Every structure is written in structure tokens, then in C-alpha cells.
Amino acid sequence: MLVNMKEILEEAEKGGYAIGCINTPNVETLRAVIGAAEDLNVPIIIDHAQVHDSLIPIEEIGPKMVEYAKNAKVPVCVHLDHGSDYNFVMRAIRTGFTSIMYDCSALPYEENLKNLKEFTKIAHDLGLTVEAELGIMTSTEEDSHGGETTGWTHETIKKTFTDPEQAAEFAKETGVDALAVCFGTAHGIYAEPPVLDIERVTKIRELVPSTTKIVMHGGSGVDSDQVQAAITAGCSKINYYSYMAKATSKHIHEVLAENDGNMFWHEVQEEAYRFMREYAREVLTVFKNGK
């Protein structure tokens, strides 16, 4: 069932759990993620990241995402992840996405606020939900391409953490449905185990209007205890991808080695799908937070 984020995030916050948001840049991942959600009977958010558009254009994967969402046995939101270019955001809307992350976090605060305030009015008129980001999420993806981060430390990323009072002002002014905040996570592969500032999440949740839900990006690579602490503190949406993608590549490498490379491509694809479905099921079980 195709939905936007509003209702499922409201239910998640009331229930004390989080909705997983997982990148689906190909059909195998798309099938695996929705299949895992159906196995557990939980809602899911599937997304296409702007940085993945060079791998597969949104006009190619997007319609498949919408089709799979419509046919799913559970609520599925089709979401744009980190759409920083307005023209790209419009492409997602034309493709049928039900939710948009318009990421202007790299801009000065006032410009970020102005852009999101204007865009949220338009999106809400179209029945779409909107996610923004405040603070600057450290990314390892562009530099390392799956390797470990260079220059990432707990001390350096503290400078990018979201200010709770500014988050409250931003949410009130823009009316966004979800706000990604920075409190110790990073995109990509961690060079050292992340340490999350859970007290900051608690404060943000206290100050930000209840109509705006709190989002954690960079969820893969964070230990389960910290993930569940973040959920309890107020995160109702968690983005996850890098570690699942890397684990799948490692698994396929091992399977090919065991079979001396004697596998057809469609067998490799199906093995990747099977592995990711099981992996995603374990991740989504953690996000249920014991519920």
C-alpha cells in the first residue's frame, strides 16, 4: 500500500518504535526490503538517494519503487533521500514519490529555513510529506566509496551537531513533517564506533513540535543498544543502507569463491536478494524496539 510518511511516523512515535528507511537502488534490494517488512508486518520507507542517480536514474527505478509499494501487503512510503537540487526534487515528484527530503543543510541557516518553508507549502498541497536536515551530517561515502572514513573523529563531528533550540525554531517556521538531526552518526562506513549524544535527541524531541518527527541518518554501523536508545529518546525514522550493501558484497564474494565462480548471473542476483531480505529483517526487528 502506497502512503506518505505522516501517518506511519505518527503511529511509530506513539508506539515507541521506528520506521526503517532503506535505499533501494536496484530491484533485488527493492524486493528484499519490502519482503522483509512484509515478513514482520511493519511499515517501511524505501528511498532513492540523489547520489545514486548516476548508478540508476530516478525515472528508471522510481516507477518500479512506486509499483512495488502499491502492491505491498504493508504500508510503504516512496521517499527521496537527500534531494539537494530543486530540479531533481521536481523529478522525484513527477515520478510519483510520496515523500521528499529537500536537503538544504549545507546552506546558511536562514536560507535553509526559507527554502523549506516555501517548499513545504507546495508539497503539502500535493499531499506529500517533507523531510529536512539541520546540522551537517558527516559523510564518508564520497571519499571512501565503502572504505573507512579519513579525518572522522568523535570530536570533529561534534561541531556539526544540531542545536535543539534552533531545531525547534526551524520546525515551527517550516512545518516540515520530519527533521534529520545530527548527534553522532555519519553516512557511510565508520572509522571508529560511533558514540551517540542521546541526551541531545531527548532535548530536541522535547522542544520540537510534535507534528515534526525526529530522524536519524547513518543508522547502519551503530550498535543495537544505541539505536534503541535513540528510538526511545524520540527518533521515529532511521535511515539504513551502507552496512547492508557492504555485507551483501562480501557474502556474494564468499559464495562465488565457494563455487569457483561457477554461477549464472541470475543465481548471483537471487542469492543477493535472499541475503538482503534476511539482513533487512534483522535490522527492522531492532527498529521495532521490543514492540
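In the predicted model, Asp39 and Arg277 form a salt bridge in which the closest N and O atoms are 2.7 Å apart. Asp39 belongs to helix H2 (residues 27-40) and Arg277 to helix H12 (residues 265-287), so this pair ties together parts that lie 238 residues apart in sequence. Both partners are partly exposed, Asp39 having a relative accessible area of 39% and Arg277 a relative accessibility of 21%.

The structure holds 14 salt bridges, and helix H12 contributes further pairs through Arg274. The side chain of Arg274 meets that of Glu271 in a salt bridge with an N to O distance of 2.8 Å, and because these two residues are three residues apart in helix H12, about one helical turn separates them. Arg274 also meets the side chain of Glu278 in a salt bridge, here at 3.3 Å from N to O, the two residues lying four residues apart in helix H12, again about one turn of the helix. With regard to solvent accessibility, Arg274 is partly exposed at a relative accessible area of 37%, and Glu278 likewise counts as partly exposed at 36%, whereas Glu271, at 18% relative accessibility, counts as buried because the cut-off for that class is under 20%. Elsewhere, Glu13, Arg205 and Lys213 are joined into one network by salt bridges that share partners.

With a disulfide taken as a pair of cysteine sulfur atoms within 2.5 Å, the count comes to zero disulfides. Cys104 is accordingly in no disulfide, the nearest cysteine sulfur being that of Cys182, 14 Å away. For Cys182, the closest cysteine sulfur is that of Cys235 at a distance of 11 Å, which is too far for a bond. Cys104 and Cys182 are both buried, with a relative accessibility of 4% for Cys104 and a relative accessible area of 3% for Cys182.

On the surface, a nonpolar patch is formed by Tyr86, Ile122 and Leu126, which together present about 270 Å² of accessible area. Of these residues, Ile122 is found in helix H5 (residues 109-125) and, at 41% relative accessibility, counts as partly exposed.

As to the confidence of the prediction, the mean pLDDT of the protein is 93, and 93% of its residues reach 70 or more. Residues 141-151 are a stretch over which the pLDDT is below 50, and in the model this stretch has 15 contacts beyond near neighbours in sequence.

Notes: Residues numbered from 1 in each chain as written. Predicted model: local features only at pLDDT ≥ 70, side-chain atom pairs only at ≥ 80, totals over all residues. Heavy atoms only, no water. Patch = residues over 30% accessible without salt bridge, like charges linked within 9 Å, V, L, I, M, F, W, Y side chains within 5 Å. Areas by Shrake-Rupley, 256 points an atom, 1.4 Å probe, with all protein chains shown as cover. Salt bridge = Lys/Arg side-chain N within 4 Å of Asp/Glu carboxyl O. Buried < 20%, exposed > 50% of the residue type's maximum accessible area, 1.4 Å probe, protein only. pLDDT = per-residue confidence, 0-100. Contact = heavy atoms within 4.5 Å.
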